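Colleague: I would like a close look at a single part of this protein. Take me through one residue and its surroundings, then work outwards.

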Amino acid sequence: MADPAVRVRIAPSPTGEPHVGTAYIALFNYLFAKKHGGEFILRIEDTDATRSTPEFEQKVLDALKWCGLKWSEGPDVGGPYGPYRQSDRKDIYKPYVEKIVENGHGFRCFCTPERLEQMREAQRAAGKPPKYDGLCLSLSAEEVTSRVAAGEPHVVRMKIPTEGTCKFHDGVYGDVEIPWDAVDMQVLLKADGMPTYHMANVVDDHLMKITHVARGEEWLASVPKHILIYQYLGLEPPKFMHLSLMRNADKSKLSKRKNPTSISYYTALGYLPEALMNFLGLFFIQIAEGEELLTVEELAEKFDPENLSKAGAIFDIQKLDWLNARWIREKLSEEDFAARVFVWAAENDRLKEGLKLAQSRISKLGELPDLAAFLFKSDLGLQPAAFAGVKASPEELLDILNTVQPDLEKILEWNKESIEAELRAIAERMGKKLKAIVAPLFVAVSGSQRSLPLFDPMELLGRAVVRQRLKVAAQVVASMAGSGK
């Protein structure tokens, strides 16, 4: 029976390229809402002001729309419980924090970052898990008032019971118990007046009438903090469901350091959104062999939130490739296929801008494939021979690639100007000419030493594809260094 009261949300932080894990959690919430006739809501959690950017927020919205997910409320469509961006809700949280302090469940902490780091180092050295030691709990009311009046920077922390355990029921893990001595005195309000994720999360879920919170299992350990905040505010918590993390075939956590995880990587390589959603949705349903090809509507029909597995969801790229191939062959008409190809080639202006860059570098149109095909390839098939003409030893090449990869991650706005500026800065720090840095990158990004100008294609390919190509190039060069080539 449909329950219109069900309200679920996806609440990504716009601090980087949208992760396939975000699509995984979003799809579960979307299917849960459809199954119960409820509402699916999008909220942007940008309390981390130093890392959150409008560019990444737009990428989140674009990526989830590309996945085919639709929300009834969000920062782009509005709704009765807005704003749906936490930075726009800053003034909402403070009264709730003050209520917790006034009722004796929170306290003001004046510890400096330096003092906290020394405390954590001492705890780690003693073999203890680092957590706040409660120093400011002993401050008198008069001293607190005086230091606040003097304008001394401080945060607000929550108090934690000193004995016993937090017991709660999880929709996936069942009955869970976590000892209170394993829970830190969480910061609720930062010195800049912004709430932490934990505080804003609880207040927003309450005000937006969220009935079920479904998120990754990495948040399971945070439930005691959230339950306490609900109790301190006299509010009823939602029902919790913690989904198993997606993992690599070796059971390690899916991370961009090991494998491509950005949704933009899969769009750039020409995966169909229907195939990716089909692949992710299979983690949530029970089916017989031969029934794998499913639309989102069919996934919703078979979706059973009461029968979820705690086993890790294995991100098997070969299975995704198999599903994507079936979608291309079995679900697209000739007209649909042609239309999809044109849309894919035009993504991020790759075709138009690639042709513009190639025009002055060819003498006949037949030279285009060799010059610009790297903009559309899913795999360059990079071999050690490609680096043969680069005047540097394998060890020097590897040093350049290993330096460039993490430094490019620091770029907030991915465009040719910021890429060039960062590479020039890297060359200066390494004491090399820009040409020496660019030469191996040409090969890593294009697969050839004859290519289009480097900075423009890096922008067109996108951060996720460039990241993966540099990673592959580093592996190839590492094999050259190991073999003495």
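Modeller: I437 sits in helix α17, which covers residues 434–446. Keep in mind that this is a predicted model. Is I437 buried or exposed? I437 counts as buried, because its relative accessibility is 0% and the cut-off for buried is under 20%.

Now its partners. Beyond its neighbours within four places in sequence, I437 is in contact with I400, V404, L423, I426, A427, M430 and K432. Take V404 from that list. V404 and I437 are 33 residues apart along the chain, and 8.6 Å separates their C-alpha atoms.

L423 is another of the partners of I437. What else does L423 touch? Setting aside residues up to four places away in sequence, L423 touches V404, L408, L434, I437, L441, L454, F455 and M458. V404 therefore appears in both lists: it is in contact with I437 and is touched by L423, where contact means heavy atoms within 4.5 Å.

L423 also stands out in the largest nonpolar core, which has 102 residues. There, L280, F387 and L423 touch the most other members. Helix α1, residues 20–36, gives the most to this core: eleven residues. A second core, separate from this one, has 47 residues. I100, C136, M185 and L188 are included in that second core. As a general point, nonpolar side chains in soluble globular proteins tend to be buried together.

Next, the two helices that meet beside these residues. Helix α15 runs over residues 394–409 and helix α16 over residues 416–430. Their axes come within 11 Å and cross at roughly 135°. That angle makes α15 oblique to α16, because only angles over 145 degrees count as roughly antiparallel. The crossing of α15 and α16 is right-handed.

Which residues make the contact? From α15 come D399, I400, T403, V404, D407 and L408. They meet E422, L423, I426, R429 and M430 of α16. By type, the residues of this contact divide into six nonpolar, one polar and four charged. I400, V404, L423, I426 and M430 belong to this contact, and I437 of α17 touches each of these five.

For a second buried position, look at N278. N278 is in helix α9, residues 273–281. Its relative accessibility is 0%, so N278 counts as buried. Leaving out residues up to four places away in sequence, N278 touches E292, L293, L294, L299, L323 and W327.

Last, some backbone details in the loops. G82 and P83 are joined by a cis peptide bond, with omega about 0°. P83 lies in the loop between α2 (54–66) and α3 (90–102).

K209 is in the loop between α6 (197–207) and β8 (212–216). Phi of K209 is near 60°, a positive value in a residue other than glycine. K209 counts as partly exposed, because its relative accessibility is 48%.

K251 also has a positive phi, near 75°, and is a residue other than glycine. K251 lies in the loop between β10 (246–247) and α8 (263–268). K251 has a relative accessible area of 55%, so it counts as exposed.

Technical notes. Residues numbered from 1 in each chain as written. Predicted model: local features only at pLDDT ≥ 70, side-chain atom pairs only at ≥ 80, totals over all residues. Heavy atoms only, no water. Core = buried A, V, L, I, M, F, W, Y, C linked by side-chain atoms within 4.5 Å. Buried < 20%, exposed > 50% of the residue type's maximum accessible area, 1.4 Å probe, protein only. Helix = DSSP H or I, 4+ residues; strand = E, 2+ residues; numbered from the N terminus. Axes fitted to C-alpha atoms, helices over the stretch in contact; angles between N-to-C directions. Parallel < 35°, antiparallel > 145°, perpendicular 65-115°, else oblique. Left-handed = near helix turned anticlockwise from the far one by under 90°. Nonpolar A, V, L, I, M, F, W, Y, C, P; charged D, E, K, R; others polar.
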